[in-house]
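User: I'd like to learn how to read helix packing in a model. Could you walk me through it step by step?

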Amino acid sequence: MTVLKDTVIDWLVSYGQVAVIISIFLNVVISVLGIVPSVFLTAANLAVFGLWPGMAVSFAGEAIGAVVSFVLYRKGFRKAAEWKAMHHPKIKQLLEAKSKEAFMLILALRILPFMPSGVVTFVAAVGKSSLLLFVLASSIGKIPAILIEGYSVYQLIQWTWEGKLVATVMAVLLLLWCWKKLRTP
């Protein structure tokens, strides 16, 4: 991640005034790809723009990227709802969800800072969620996710005791989650 982050930092710094637009564009590309984590871009945004402006740029990029991805996925993958993988109970629940239920599911999945955004966007797009509902739930859910991710990344960049604490807590939570998943049949 460091090499990629440093490359993006150099690139953003060299473009000066248009760096925000470039960062947002990169976030849109990452969102459309759906499998590339955006944490390196968040780290670059924080390094180039500072904590709060960097989180604002990351939020804008992820929100716009989610909308662009939703529209593209909806147009290109409508028949994907018939795929065998789409019959998993949790995925099927989001596929079939409408209005308030869809809003709450998308919101809950977006709040998780390291949840693959591409999966949430893809399932919502091939499901029955409207674009407006998706935009609202996704954007509201991204606020705490970006705050958590941004602050965590910022502390790791600074590597203060707070950063070490956040990294430790996140590692423990991840281990507990994995342990729980392995124990349940």
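Analyst: Happy to! Let's begin with one pair: H3 and H8 pass each other in a right-handed crossing. Please keep in mind that this is a predicted model.

User: What describes how two helices pack?

Analyst: Two packed helices are described by the angle between their axes and the distance between those axes. Here, helix H3 covers residues 39-49 and helix H8 covers residues 131-158; their axes come within 9 Å and cross at roughly 65°. Because angles of 65 to 115 degrees count as roughly perpendicular, H3 is roughly perpendicular to H8.

User: Which residues of H3 and H8 make the contact?

Analyst: On the H3 side they are Val 39, Thr 42, Ala 43 and Leu 46, and H8 brings in Glu 149, Gly 150, Val 153, Tyr 154 and Ile 157. Sorted by class, the contact of H3 with H8 has six nonpolar residues, two polar ones and one charged one.

User: What about H4 and H8: at what angle do their axes cross?

Analyst: Helix H4 spans residues 51-76, and the axes of H4 and H8 cross at roughly 145°, coming within 9 Å. The crossing of H4 and H8 is right-handed. In the contact of H4 with H8 there are 17 nonpolar, four polar and four charged residues.

User: Now let's zoom out. How many helices and strands does the chain have?

Analyst: The count is nine helices and zero strands. Following the sequence, you would read the pattern as α-α-α-α-α-α-α-α-α.

User: How much of the chain counts as buried?

Analyst: The chain has 185 residues, and 39% of them count as buried. For the outside, the accessible surface comes to about 10900 Å², and carbon and sulfur atoms hold 73% of that area.

User: And what share of the contacts joins residues 24 or more positions apart?

Analyst: Take the contacts with a separation of 6 or more: residues 24 or more positions apart account for 73% of them. One pair lets you picture sequence distance against distance in space: Phe 25 and Glu 62 are 37 residues apart in sequence, while their C-alpha atoms are 9.6 Å apart.

User: Is Phe 25 buried or exposed?

Analyst: A residue counts as exposed when its relative accessible area is over 50%. Phe 25 has a relative accessible area of 54%, so Phe 25 is exposed. You can find Phe 25 in helix H2, which runs over residues 19-33.

Key: Residues numbered from 1 in each chain as written. Predicted model: local features only at pLDDT ≥ 70, side-chain atom pairs only at ≥ 80, totals over all residues. Heavy atoms only, no water. Axes fitted to C-alpha atoms, helices over the stretch in contact; angles between N-to-C directions. Helix = DSSP H or I, 4+ residues; strand = E, 2+ residues; numbered from the N terminus. Parallel < 35°, antiparallel > 145°, perpendicular 65-115°, else oblique. Left-handed = near helix turned anticlockwise from the far one by under 90°. Contact = heavy atoms within 4.5 Å. Nonpolar A, V, L, I, M, F, W, Y, C, P; charged D, E, K, R; others polar. Buried < 20%, exposed > 50% of the residue type's maximum accessible area, 1.4 Å probe, protein only. Areas by Shrake-Rupley, 256 points an atom, 1.4 Å probe, with all protein chains shown as cover.
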